[in-house]
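Here are a few exercises on ring pairs and helix packing. Grab a viewer and work through them step by step.

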Amino acid sequence: MSFKNFDFVGKSRFFYILSIAITILGLVFLLTRGLNYGVDFQSGSNVDISLSKPLTTEQINTVLKDAGIGEDASVTPGNDRVNIRFSEVLTEDQDLKLRSGIEKLDNTATFEINTVDPEMANELGRNAIYAVLLSCIGIIIYVSIRFEWRFAIAAIVALLHDAFVVISIFSILGLEVDLTFIIAVLTIIGYSINDTIVIFDRIRENLRFAKIKRVSDLKDLVNKSLSQTIGRSIYTALSVFIAAFFMLLLGGESIQMFSLAICIGLAFGAYSSIFIASPLWLLLKGRNVSNKPNSPKPSKDKIEI
């Protein structure tokens, strides 16, 4: 398919509406329900139990009730694995009672218990926010030096869009957010800025040799630059998406949320560089360009008296 005469800027309105709708919906869910934080970001104990035979939720709940720790427990059963999350840190006595009760049902069961105290959970949450903010600030500084401030604003809006869309979808679906999710968000930001920089570099190169007199000339330049780079953007995003998709299907439970976040981020990041960042730069740059048609030059044959 040829994109030589495709109006990317004109089609960007649809993607702006889509992004705004997801942003508003995400804000509603974040304000009302928040995120489903994993044990990394909230205090408590997370118990992973590997089993040789499947156990029902009723059997697990009976063990928890007998141990006196079933009130605040969240049980996620599986065929050969059970995950139990507690909002409070298990004591040594509670740990022993849990192990004893499960081993009565399956004497070959193995346990992996991860505990995070409140202070550590708060520190991890703060560090995750700092990591995202510092990466965004670094990108703004780099793009401002490498290009200009308009490119920097457009790039950071696209990056924040990609990150917030992933966060919104995880909030809407109630998916668990842990440290691997933060790593996925930072990875998405890296891929997104890579595509955006490639497009912006082509816009800057074409701008050096273009004669811009009206906003329509600037729009044609952006469309031309996008048509020249869209193949690279699509192939890069698609190759990484395929790898992340099969990691989601075939990978272990520990990387499923990471793979899902990558897939979502790549899908939305693929169009943000094309249909959000570039048209936004055009909007900012167009303020300095006249939108009026060129006034005709006076004829040389006209004689003024």
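**Exercise 1: aromatic pairs**

This predicted model holds 10 aromatic pairs. Work out how the rings of Phe15 and Phe275 are arranged, and which helices they come from.

*Solution.* Start with the geometry: the ring centres of Phe15 and Phe275 sit 4.2 Å apart, with the planes at 20°. Planes under 30 degrees apart count as stacked, so Phe15 and Phe275 form a stacked pair. Next, place them: Phe15 is in helix α1 and Phe275 in helix α8 (residues 256–285), so the pair ties together parts 260 residues apart in sequence. Finally, check burial: both Phe15 and Phe275 are buried.

**Exercise 2: a second pair**

Now classify the pair Phe151 and Phe200, and say whether each residue is buried or exposed.

*Solution.* The centres of these two rings are 4.7 Å apart and the planes make 55°, so this pair is tilted. Phe151 belongs to helix α5 (residues 149–173) and Phe200 to helix α6 (residues 179–209), so parts 49 residues apart in sequence are tied together. As for burial, the cut-off is under 20% relative accessible area. Phe151, at 3%, counts as buried, and so does Phe200, at 0%.

**Exercise 3: helix packing**

How do helices α1 and α7 pack?

*Solution.* Helix α1 (residues 8–32) and helix α7 (residues 215–250) meet at about 80°, with axes 9 Å apart. That makes α1 roughly perpendicular to α7. On the α1 side, Phe8, Val9 and Gly10 make the contact; α7 brings Lys219, Val222, Asn223, Leu226, Ser227 and Ile230. Sorted by class, that gives five nonpolar, three polar and one charged residues.

Definitions and conventions
Residues are numbered from 1 along each chain as its sequence is written. This is a predicted model: local features need pLDDT of at least 70, side-chain atom pairs count only at pLDDT 80 or more; totals for chains, interfaces and linings use all residues. Side-chain values use heavy atoms; hydrogens and water are left out. Axes are lines fitted to C-alpha atoms, for helices over the stretch in contact, and angles run from 0 to 180 degrees between N-to-C directions. Helices (H or I, at least four residues) and strands (E, at least two) are DSSP runs, numbered from the N terminus. Angles under 35 degrees count as roughly parallel, over 145 as roughly antiparallel, 65 to 115 as roughly perpendicular and the rest as oblique. Contact means heavy atoms within 4.5 Å. Ala, Val, Leu, Ile, Met, Phe, Trp, Tyr, Cys and Pro count as nonpolar, Asp, Glu, Lys and Arg as charged, and the others, Gly among them, as polar. Rings of Phe, Tyr and Trp (its six-membered ring) pair if their centres lie within 6.5 Å; planes under 30 degrees apart count as stacked, over 60 as edge-to-face and the rest as tilted. Buried means under 20% relative accessible area, exposed over 50%, partly exposed in between (1.4 Å probe, protein chains only).
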